[in-house]
Amino acid sequence: MRIRRILCATFLGAALIAPAHAEGNDPFAQLETLLDPKVLLKGVVREDDVSLLFAHLRAALLAAVEGRKPPAPAELDQRAEAIGNELKLRGTLVGLLLLTAFEAAARQAVRDALAEPAPAAR
């Protein structure tokens with residue numbers, strides 16, 4: 001399962017990086033799209049997760065009123081871990097894309113600096 005996720009992230013990263021290099025686009029242009037919360041969270045947090053959270057909060061409140069310990073949120077913990085893992089993966093991908101964009105910008109800055117003629121010495 002873990003290898004499948006790593007391969008998926010690798011191919012996704014390559015698919016996102018390749019068009020920027022092939023077309024000579026601004027390397028930061030795609031990052032703006034990826035950092036949009038709608039894109040970053042799409043498919044990660046679902047409506048069922050919200051229902052699960054509030055069901056646990058209701059159960060915990062009722063248990064507190066009755067003087068009992070709140071029920072163990074096993075299913076909620078599983079979803080929280082799955083969401084955390086997915087966001088970690090997506091965050092790593094965005095971080096790698098940022099580094100790639102910074103590297104491309106730095107390389108271009110060096111190329112531009114080296115292409116300019118040296119100032120004449122007086």
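**Close-up views of a five-helix predicted model**

**Figure 1. The largest nonpolar core of the protein comprises 6 residues**. In this predicted model, the core is made up of L31, L34, L93, V94, L97 and A101. Helix α2, which spans residues 29–34, and helix α5 each supply at least two residues of this core. The largest share, 4 residues, comes from α5. Across the protein as a whole, 15% of the 122 residues count as buried.

**Figure 2. Helix α4 crosses helix α5**. Two packed helices are described by the angle between their axes and by the distance between those axes. Helix α4 covers residues 47–65 and helix α5 covers residues 74–115. Their axes come within 10 Å and cross at roughly 140°. An angle over 145 degrees would count as roughly antiparallel, and one of 65 to 115 as roughly perpendicular; the angle here falls in neither range, and therefore α4 is oblique to α5. The crossing of α4 past α5 is left-handed.

**Figure 3. Residues of α4 meet residues of α5 where the two helices are in contact**. On the side of α4, the residues are D49, L52, L53 and H56. On the side of α5, they are E75, L76, R79 and I83. Sorted by class, this contact has 4 nonpolar, 1 polar and 3 charged residues.

**Figure 4. E86 lies in helix α5**. Is this residue buried, exposed or partly exposed? The relative accessibility of E86 is 21%, and because buried means under 20% and exposed over 50%, E86 counts as partly exposed. E86 and V44 are 42 residues apart in sequence, yet their C-alpha atoms are 7.0 Å apart in space.

**Figure 5. The fold of the whole chain places the close-up views in context**. The protein has 5 helices and 0 strands, and its pattern along the sequence reads α-α-α-α-α. What share of the contacts between residues at least 6 apart in sequence join residues at least 24 apart? In this protein, that share is 68%.

Methods
Residues are numbered from 1 along each chain as its sequence is written. This is a predicted model: local features need pLDDT of at least 70, side-chain atom pairs count only at pLDDT 80 or more; totals for chains, interfaces and linings use all residues. Side-chain values use heavy atoms; hydrogens and water are left out. Axes are lines fitted to C-alpha atoms, for helices over the stretch in contact, and angles run from 0 to 180 degrees between N-to-C directions. Angles under 35 degrees count as roughly parallel, over 145 as roughly antiparallel, 65 to 115 as roughly perpendicular and the rest as oblique. A crossing is left-handed if the near helix is turned anticlockwise from the far one by less than a right angle, and right-handed if clockwise. Contact means heavy atoms within 4.5 Å. Ala, Val, Leu, Ile, Met, Phe, Trp, Tyr, Cys and Pro count as nonpolar, Asp, Glu, Lys and Arg as charged, and the others, Gly among them, as polar. A nonpolar core is a set of buried Ala, Val, Leu, Ile, Met, Phe, Trp, Tyr and Cys residues joined through side-chain atoms within 4.5 Å. Buried means under 20% relative accessible area, exposed over 50%, partly exposed in between (1.4 Å probe, protein chains only).
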